[in-house]
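Subject: Structure handover

Dear colleague,

Please find the structure below. My notes on its aromatic side chains, its charge and ring contacts and its cysteines follow.

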Amino acid sequence: VQLVESGGGLVQSGESLTLSCVASGSTYQISAMGWFRQAPGKERELVARIPPGGGTNYADSVKGRFTISRDNAKNTLYLQMNALKPEDTAVYYCNARVTTSIEGFIEVWGQGSLVTVSS
């Protein structure tokens, strides 16, 4: 499985941005997908995720502002980001959990997209 992201950029505080992540390869083996981010000097953190059983999980810091969605027909994951704040500035990574065996899986990552929010 390979993941290619797009949609990052520079926006002002309060504006919106949408990230996309296109999956290719053995996409039928993907059990979960999500978005993570890493700000300068900080550890990578979960932003939003669609777990294996469905539904959505969000970090408290983005609840009500970000929406994660998945278009299975297009093998694409989206992150709609509204009301962006300077503290949302980070490199955003698409993530896929790929099943490799009955009990095994690997984590696959996109190349990262820089989102910069100016105040």
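A charge is taken to sit over a ring if NZ of Lys or CZ of Arg is within 6 Å of the ring centre and within 35 degrees of the ring normal. The charged end of Arg-44 sits in this way over the ring of Trp-109, at 4.5 Å from its centre. Please keep in mind throughout that this is a predicted model.

Aromatic rings

Trp-109 also takes part in the ring pairs. A search of the whole structure gives 2 aromatic pairs. In one of them, Phe-36 and Trp-109 are arranged edge-to-face, with 5.1 Å from centre to centre and 70° between the planes. Phe-36 belongs to strand 4 (residues 30-38) and Trp-109 to strand 10 (residues 105-109), so this pair ties together parts of the chain that are 73 residues apart in sequence.

Trp-109 pairs with Tyr-93 as well: the ring centres are 6.5 Å apart and the planes stand at 90°, so this pair is edge-to-face. Tyr-93 lies in strand 9 (residues 90-99) and Trp-109 in strand 10, so the parts tied together here are 16 residues apart in sequence. Phe-36, Tyr-93 and Trp-109 form one aromatic cluster.

How exposed are the members of the cluster? Phe-36 has 17% relative accessibility and counts as buried. Tyr-93, at 15%, counts as buried. Trp-109 counts as partly exposed because its relative accessibility is 36%, and the partly exposed class runs between the 20% and 50% cut-offs.

A further charge over a ring

Arg-97 has its charged end over the ring of Phe-105, 4.0 Å from the ring centre.

Cysteines

How many disulfides does the structure hold? It holds 1 disulfide. The bond joins Cys-21 to Cys-94, with an S to S distance of 2.1 Å. The link of Cys-21 and Cys-94 is left-handed, with -80° about the S-S bond. Cys-21 is in strand 3 (residues 17-24) and Cys-94 is in strand 9, so the disulfide links distant parts of the chain, 73 residues apart. Cys-21 has 0% relative accessibility and therefore counts as buried. Cys-94 is also at 0% relative accessibility and counts as buried.

Strand 9 thus comes up in both topics: Tyr-93 of the aromatic cluster lies in this strand, and Cys-94 of the disulfide is in strand 9.

Best regards

Conventions: Residues numbered from 1 in each chain as written. Predicted model: local features only at pLDDT ≥ 70, side-chain atom pairs only at ≥ 80, totals over all residues. Heavy atoms only, no water. Phe/Tyr/Trp six-rings, centres within 6.5 Å; stacked < 30°, edge-to-face > 60°. Helix = DSSP H or I, 4+ residues; strand = E, 2+ residues; numbered from the N terminus. Buried < 20%, exposed > 50% of the residue type's maximum accessible area, 1.4 Å probe, protein only. Disulfide = S-S within 2.5 Å.
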